[in-house]
Amino acid sequence: MKILDRAFFGRNTQIVAAELIGKILVLNQGGSLVSGKIVETEAYFGADDPASHAFRGVTPRNRVMFGPAGVSYVYFTYGNHHCLNIVTEADGVAGAVLLRALEPLSGLSIMKKRRGAKHQTTALANGPGKLTQAFGITRDHSEIDMTRGPFFVAEKAEEGFVHVQTAKRIGISAAQHLPYRFYLRGNPFVSVQ
DNA sequence: AAGGGGATTGCCT
DNA sequence: GGCAATCCCCTTA
């Protein structure tokens, strides 16, 4: 397993979002390790993207999106849920990839405890809010450098063929036609095929 | 200082 | 399939 570095994230957001499909998100905290394969992402840009938090320029909330790549950006929405993003593009350029769904790999029992025992394995992290709940991610996990542990993304030594499907983003009211969502085609852990 | 909307989820019908 | 839950942040006054 090789940890993705800042050079990986410091590129065009659309490319990073597509290439994150199939990579492994790992969080090792409090003596418990949880991990999952990234099966769904969305790209968010800056001034050219009306659906992005960064569309109207720098604010206290979104300023991390303008900073160095490979840093986490966690925000709270709808009064209930956290969403996890990873900052992209060169330092000074706004961009981030929203992680929308994971296929759980390690720490299944921990995720089930956090999400509620009634949930199937496929429902543990098949949505941006579910994913953060399963991993125990809150705003405390924002602005963390993810290019080293204990919170990082890695790629397996040997990666099989990854069929990345492109689609429109979900749950936004602006720029709905843009093909900025990416998912692992046919994977049952994707929120919407 | 206040109001409105939001990159969602789960429960109820 | 519809809607409430519930809070933070941006916008405007």
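Mentor: Two residues are in contact when heavy atoms of theirs lie within 4.5 Å of each other. The model discussed here is predicted. In that sense Asn85 touches Val71, Ser72, Tyr73, Tyr75, Ala96, Val97 and Leu98, leaving aside residues up to four places away in sequence.

Trainee: Where is Asn85 found, and why does it count as buried?

Mentor: Asn85 is found in strand β5. Its relative accessibility is 4%, and the limit for a buried residue is under 20%. Asn85 therefore counts as buried.

Trainee: How far is Asn85 from Gly107 in sequence and in space?

Mentor: The two residues are 22 apart in sequence, and their C-alpha atoms are 21 Å apart in space.

Trainee: Why does Glu103 count as buried?

Mentor: Glu103 has a relative accessibility of 18%. Buried requires a value under 20%, so Glu103 counts as buried. The residue lies in strand β6. Glu103 touches Gly36, Lys37, Val39, Asn187 and Phe189, again without counting residues up to four places away in sequence.

Trainee: What makes the pairing of Asn85 with DNA strand B a polar contact?

Mentor: A polar side-chain atom of Asn85 lies 2.4 Å from a base nitrogen of DNA strand B. A polar contact needs a pair of N or O atoms within 3.5 Å, so this pair qualifies. The accessible area behind the term buried is computed on protein chains only, so the 4% of Asn85 leaves the DNA out of account.

Trainee: Which other side chains have polar atoms placed against DNA strand B?

Mentor: His81 has a polar side-chain atom 2.9 Å from a sugar or linking oxygen of DNA strand B. For Arg115, an N or O atom in the side chain is 2.6 Å from a phosphate oxygen of DNA strand B. The elements that give two or more residues to the surface near this strand are β4, β5, β6 and α4. Of these, α4 gives the most, with three residues.

Trainee: How many residues lie around DNA strand B, and which come nearest?

Mentor: There are 22, and Tyr75, Asn85, Arg115, Gly129 and Gly171 come nearest. By class, the residues of this surface divide into nine nonpolar, nine polar and four charged. Of the atoms of DNA strand B within 4 Å of the protein, 54% belong to sugar or phosphate, and bases make up the rest.

Trainee: Which residues surround DNA strand C?

Mentor: DNA strand C is surrounded by Arg56, Thr59, Pro60, Arg61, Phe76, Tyr78, Gly79, Asn80 and Arg139. Among the atoms of DNA strand C that come within 4 Å of the protein, sugar and phosphate account for 64%. The residues of this surface divide into three nonpolar, three polar and three charged.

Trainee: What polar atoms of Arg61, Tyr78 and Asn80 face DNA strand C?

Mentor: For Arg61, a backbone N or O atom lies 3.2 Å from a phosphate oxygen of DNA strand C. For Tyr78, a polar backbone atom is 2.6 Å from a base oxygen of the strand. For Asn80, an N or O atom in the side chain is 2.6 Å from a base nitrogen.

Trainee: Why is Tyr78 called exposed?

Mentor: Tyr78 has a relative accessible area of 69%, and exposed means over 50%; Tyr78 is therefore exposed. The residue lies in the loop between β4 and β5. Tyr78 also has a positive phi of about 55°, although it is not a glycine.

Trainee: Why is a positive phi noted for residues other than glycine?

Mentor: Most residues other than glycine have a negative phi. Glu89 is another residue with a positive phi, of about 70°, and is not a glycine. Glu89 lies in the loop between β5 and β6. With a relative accessible area of 14%, set against the limit of under 20%, Glu89 is therefore buried.

Trainee: How do you know that the peptide bond from Gly149 to Pro150 is cis?

Mentor: Its omega is near 5°. Pro150 lies in the loop between α4 and β7.

Trainee: What volume does the largest pocket have, and which residues lie nearest its centre?

Mentor: The volume is about 590 Å³. The lining has 26 residues, of which Tyr44, His53, Tyr75, Gly171 and Ile172 lie nearest the centre. The lining divides into 15 nonpolar, eight polar and three charged residues. β3, β4, β5, β6 and α4 each supply at least two residues of the lining.

Terms used:
Residues numbered from 1 in each chain as written. Chains lettered and ligands numbered in written order. Predicted model: local features only at pLDDT ≥ 70, side-chain atom pairs only at ≥ 80, totals over all residues. Heavy atoms only, no water. Near = heavy atom within 4 Å. Polar contact = N/O pair within 3.5 Å; in protein donor to acceptor, adjacent residues only side chain to side chain. Nonpolar A, V, L, I, M, F, W, Y, C, P; charged D, E, K, R; others polar. 1 Å grid on protein atoms, 1.4 Å probe; cavity = no way out; pocket = protein on both sides within 12 Å on 5 of 7 lines; lining within 4 Å. Points joined across faces, edges and corners; volume = space filled by probe spheres on them. Helix = DSSP H or I, 4+ residues; strand = E, 2+ residues; numbered from the N terminus. Buried < 20%, exposed > 50% of the residue type's maximum accessible area, 1.4 Å probe, protein only.
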